[in-house]
Amino acid sequence: MASTRQVRVGLVAGGLGAYWPQFPGLFPQLQRSSARVAERMRELDAEIVDVGFISDAQEGAVAAEKLRAADCDLIVGFLTTYMTATMLVPIAQRSGAPVLLINLQPTESMDHATFDTGQWLAYCGACPLPEMANAFQRCGIPFRSVSGYLEDERAWKRIGGWVRAAAARAALRHGRHGLMGHLYPGMLDVSTDLTLVSSNFGGHVEVLEFDDLRVRVEQVTDAEAAAKRAETEKIFDFADSVNETDLDWACRVSVGLDRLVADFELDSLAYYHRGLDGETHERLGAGMILGASLLTARGIPAAGEYELRTSLAMLIMDRLGAGGSFTELQALDFHRGHVEMGHDGPAHLAISARKPLLRGLGVYHGKRGWGVSVEFDVKHGPVTAFGLIQRRDGRFAFLASEGETVDGPHLQIGNTTSRVDFGRDPGAWTDEWSATGMSHHWALGTGHRAGELKSLAHLLDLEFVQI
């Protein structure tokens, strides 16, 4: 995987300090619950900034300043018992990070026959939740919460989903996204106003020339090309149509792409160049499929046809742990009830159903050039199709649909192709998907991810559409 910034999660627990002298055993019990929450949070592959337990507004203000300075990607507020909104609102206001409130009582249910007031109050984290929601909304702060009990795996699954969503948001906020070449002529749907990326997500788009790649490919040594060839032989099966000269060129372009990504510190890349009559730039564009697929498998998604929004969708899916491969509609199989989708060009090799195949092609349909291409299908099981819609008002929207990749016949033409069963007529699904305003490219990733994508959309204040 690519070297990525670990998501940073602030953690603060709280309760009403007026209770402590009234019920001496309550505070120690709540501290034990807080320690358990901190332990579970550290299991979520996150850097945890734990500012401890707050009991009043003054302590809340101190915690707010600590969390503001920590530059967190998400703040988790643990409501251990009743507490006032003024203890948490400043944390949400000052930090600039989204806040998730969790209400996890000690066990599934109280022992009503034996509990006294102090023991009940340890189960009273639900009590302040409506107060927090009201105060947050009146202060213009988005509200989100998870309720359950300490060892409730359903609740922890939801909490983990919010943390993964925060990691994807952080990847966008801190990301550097390469855009190299020019728009595929006539593709009005994929053109993206670069300012909208910063407006909707943050991050930076680095505009690159194909000459930035050319000079790096020209510097590739025979030894470096041989090492890339050895790497390729371990990862791929080769069809008989693979031409040695084309394979060597693809390996050299792959090494050049590695340097380009390193030199510009890219987290994603979208590219296209038409070229003419076999000149260098045409050969560079035609030789990128191998290297782009290897980058994508490392967590640096690369999408052809200048598809910036799809390379961002692929990045989001990758950071959610879903992979995310470059995808478009290819055909509908009404006999089997499947939607066939994939793309010529780069693929996310880490989510392949089997060892991917390199196939030599004498022509790339709709594009100039020739060379080696990747043939694979996404591993069978739950999948999510996910893309970014650009609305007329300049806002982005998330579109997701969950299905299953299944077995069936595949064309042997050097394209990625997956058969997806969405549990309905494939024509009806295609019509509804298209009617959303989605462009003709998106990401296909493993697992059912609509819940996490909805959480990410909430963190980004974006519209979420699911079909």
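In the predicted model, Thr-327 touches a set of residues beyond its sequence neighbourhood, namely Met-341, Gly-342 and His-343, together with His-440, His-441, Trp-442, Ala-443 and Leu-444; residues up to four places away in sequence are not counted here. Thr-327 itself belongs to strand 11, which spans residues 323-333. With a relative accessible area of 2%, Thr-327 is classed as buried, because this value falls under the 20% limit applied to buried residues. A polar contact is also present at this position: the side chain of Thr-327 reaches the backbone oxygen of Ser-325 at 2.7 Å.

Attention turns next to the second largest pocket, which holds about 270 Å³ of space. Its lining comprises Lys-157, Arg-158, Gly-161, Trp-162 and Arg-164, as well as Gly-447, His-448, Arg-449, Gly-451, Glu-452 and Ser-455. By residue class, this lining divides into 5 charged, 5 polar and 1 nonpolar. Two helices, helix 7 (153-173) and helix 16 (450-460), each supply at least two of the lining residues. The greatest contribution comes from helix 7, which provides 5 residues.

The placement of this pocket relative to the domains follows from the origin of its lining. Residues are given to the lining of the second largest pocket by both domain 1 (8-172) and domain 2 (175-466), and the pocket therefore lies between the two domains.

Technical notes:
Residues numbered from 1 in each chain as written. Predicted model: local features only at pLDDT ≥ 70, side-chain atom pairs only at ≥ 80, totals over all residues. Heavy atoms only, no water. Helix = DSSP H or I, 4+ residues; strand = E, 2+ residues; numbered from the N terminus. Buried < 20%, exposed > 50% of the residue type's maximum accessible area, 1.4 Å probe, protein only. Polar contact = N/O pair within 3.5 Å; in protein donor to acceptor, adjacent residues only side chain to side chain. Contact = heavy atoms within 4.5 Å. 1 Å grid on protein atoms, 1.4 Å probe; cavity = no way out; pocket = protein on both sides within 12 Å on 5 of 7 lines; lining within 4 Å. Points joined across faces, edges and corners; volume = space filled by probe spheres on them. Nonpolar A, V, L, I, M, F, W, Y, C, P; charged D, E, K, R; others polar. Domains from an automatic or database assignment.
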